Amino acid sequence: MPDELLLRLRDFQDDYFPQHQQRFQDLVAQGQRPKTLFIGCSDSRLVPYLLTGAAPGELFLVRNVGAFVPPYDQSHGLHGTMAAIEFAVLSLKVEHIIVCGHSHCGAIRTAYEGAPDEAIALKAWLKLVDEALLPVSLGPEVLHRTEQRAVVLQLERLMDYPMVRRAVEAGHLSLHGWHYVIESGQVHVFDAALGAFVPAAEASHSGTGPYLAYVEPDGQSSE
C-alpha cells in the first residue's frame, strides 16, 4: 500500500517548490511580513489559502477547535492562540485579523451535546463558546445561528486585548468576522454597522471593527 503522505511530500519538493523557490528564499532572507492573522477552525473542510487566495508568506495562521479566542483576562488560562494574537499584533504588526467559523461546525455541536468524558481538555476549551449558545433544542437553524454568534463573540473578545484595541482605534488594524458555508462555497461577512452577516457577493466590504453587540434577527442580543 503506497504511503500517501510520502508521495505528497515528494510532489511538493519535485513540482511545487521549484516553481516557487525564489519566493521561499525571499521569505527566508527578508523574513515574513504577513498582513493578515487568520484565526480559523481546525476543521479539514476549511482551507484558508483557498478562501483568501493567499500565497506563502501572506497569512499568519492560527487553527483551533471552533476558531475560539481566549479572554485576555486569563480567566480560562493561557493558550497558544492568545500568544499568537499578541505576536501577530505586537511583532508582525498585521493589518487584519480574520475570525472564520463555518457551517456544520463540530465544535459548536459538541458544545451543545457534550464531549466524551475522556476529552478533559476539549470540555474545558468548549466553555469558551458558552456565551454564544442558545437556550433551545439543537437543530440546523440553531446550529447556524450559534456558529455566527460564536464568530462575533470572538471579535468582541479580541477588542479586550489592549494591543488589538489600541491598533484598531489608531486605524492600523481591522477585524473581520466570516462564516463559511461549506456546501455552497459562500462566505458571509459580519457587517458591524448592520449588526448582521451579509453574503460576500452582496457585501460592500470584508468586515470592519470595532464591534457593537450582535443583535439577532428577532431582536435578541448575543450578550
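## Starting at Glu-113

Is Glu-113 buried or exposed? With a relative accessible area of 56%, Glu-113 is exposed, because the word applies to anything over 50%. Keep in mind as you read that this is a predicted model.

Glu-113 also has a partner. It forms a salt bridge with Arg-109, and the closest N and O atoms of the two are 3.2 Å apart. Both residues sit in helix H4, which covers residues 106-113, and because they are 4 residues apart there, about one helical turn separates them. Arg-109 counts as partly exposed, at 36% relative accessibility.

## Other salt bridges

How many salt bridges does the structure hold? There are 5, and the pair in H4 is one of them. Another one is found in helix H7, where Arg-165 pairs with Glu-169 and the closest N and O atoms are 3.0 Å apart. Being 4 residues apart in H7, Arg-165 and Glu-169 are also separated by about one helical turn. Arg-165 is partly exposed at 35% relative accessibility, while Glu-169 is exposed with a relative accessible area of 57%.

A further salt bridge joins the side chains of Glu-131 and Arg-157, at 3.4 Å from N to O. This pair links distant parts of the chain: Glu-131 belongs to the loop between helix H5 (120-126) and helix H6 (140-158), Arg-157 belongs to helix H6, and the two are 26 residues apart. Glu-131 counts as exposed, at 53% relative accessibility. Arg-157, on the other hand, counts as buried, at 6%.

## Pro-70 and its contacts

Arg-157 turns up again in the surroundings of Pro-70. Setting aside neighbours within four places in sequence, Pro-70 is in contact with His-79, Thr-81, Met-82, Trp-125, Leu-128, Arg-157 and Tyr-161. Where is Pro-70 found? It is in the loop between S2 and H3. Its relative accessibility is 0%, so Pro-70 counts as buried.

Thr-81 is worth finding in the structure. Pro-70 and Thr-81 are 11 residues apart along the chain, and their C-alpha atoms are separated by 7.3 Å.

## Two residues of strand S2

Strand S2 covers residues 59-64, and Leu-61 is found there. Asn-64 lies in S2 too. Asn-64 is buried, with a relative accessible area of 8%. Apart from residues up to four places away in sequence, Asn-64 touches Gly-40, Cys-41, Ser-42, Thr-81 and Trp-125. Two of these names, Thr-81 and Trp-125, also appear among the contacts of Pro-70.

Leu-61 counts as partly exposed, at 34% relative accessibility. Together with Val-47, Tyr-49 and Leu-50, Leu-61 makes a nonpolar surface patch of about 350 Å².

## Where two helices cross

Helix H3 (residues 80-91) and helix H7 (residues 162-169) have axes that come within 9 Å and cross at roughly 40°. The crossing of H3 past H7 is left-handed.

Which residues meet here? From H3 come Ile-85, Glu-86, Val-89 and Leu-90, and from H7 come Met-163, Val-164 and Arg-166.

## Positive phi in two loops

The loop between S2 and H3 holds Gln-74. Although Gln-74 is not a glycine, it has a positive phi of about 65°. Gln-74 is partly exposed, with a relative accessible area of 45%.

Lys-93 is found in the loop between H3 and strand S3 (96-102). Its phi is near 55°, again a positive value in a residue other than glycine. With a relative accessible area of 59%, Lys-93 is exposed.

## Along helix H1

Finally, look at helix H1, which covers residues 4-30 and includes Val-28. Val-28 is exposed, with a relative accessible area of 70%. From Val-28 to Asp-11 there are 17 residues in sequence and 22 Å in space, C-alpha to C-alpha.

Definitions and conventions:
Residues are numbered from 1 along each chain as its sequence is written. This is a predicted model: local features need pLDDT of at least 70, side-chain atom pairs count only at pLDDT 80 or more; totals for chains, interfaces and linings use all residues. Side-chain values use heavy atoms; hydrogens and water are left out. Patches are made of residues with over 30% relative accessible area and no salt bridge: like charges are joined within 9 Å, nonpolar side chains (Val, Leu, Ile, Met, Phe, Trp, Tyr) within 5 Å. Accessible areas come from the Shrake-Rupley method with a 1.4 Å probe; for residues, only the protein chains shown count as cover. A salt bridge is a side-chain nitrogen of Lys or Arg within 4 Å of a carboxyl oxygen of Asp or Glu. Buried means under 20% relative accessible area, exposed over 50%, partly exposed in between (1.4 Å probe, protein chains only). Axes are lines fitted to C-alpha atoms, for helices over the stretch in contact, and angles run from 0 to 180 degrees between N-to-C directions. A crossing is left-handed if the near helix is turned anticlockwise from the far one by less than a right angle, and right-handed if clockwise. Contact means heavy atoms within 4.5 Å.
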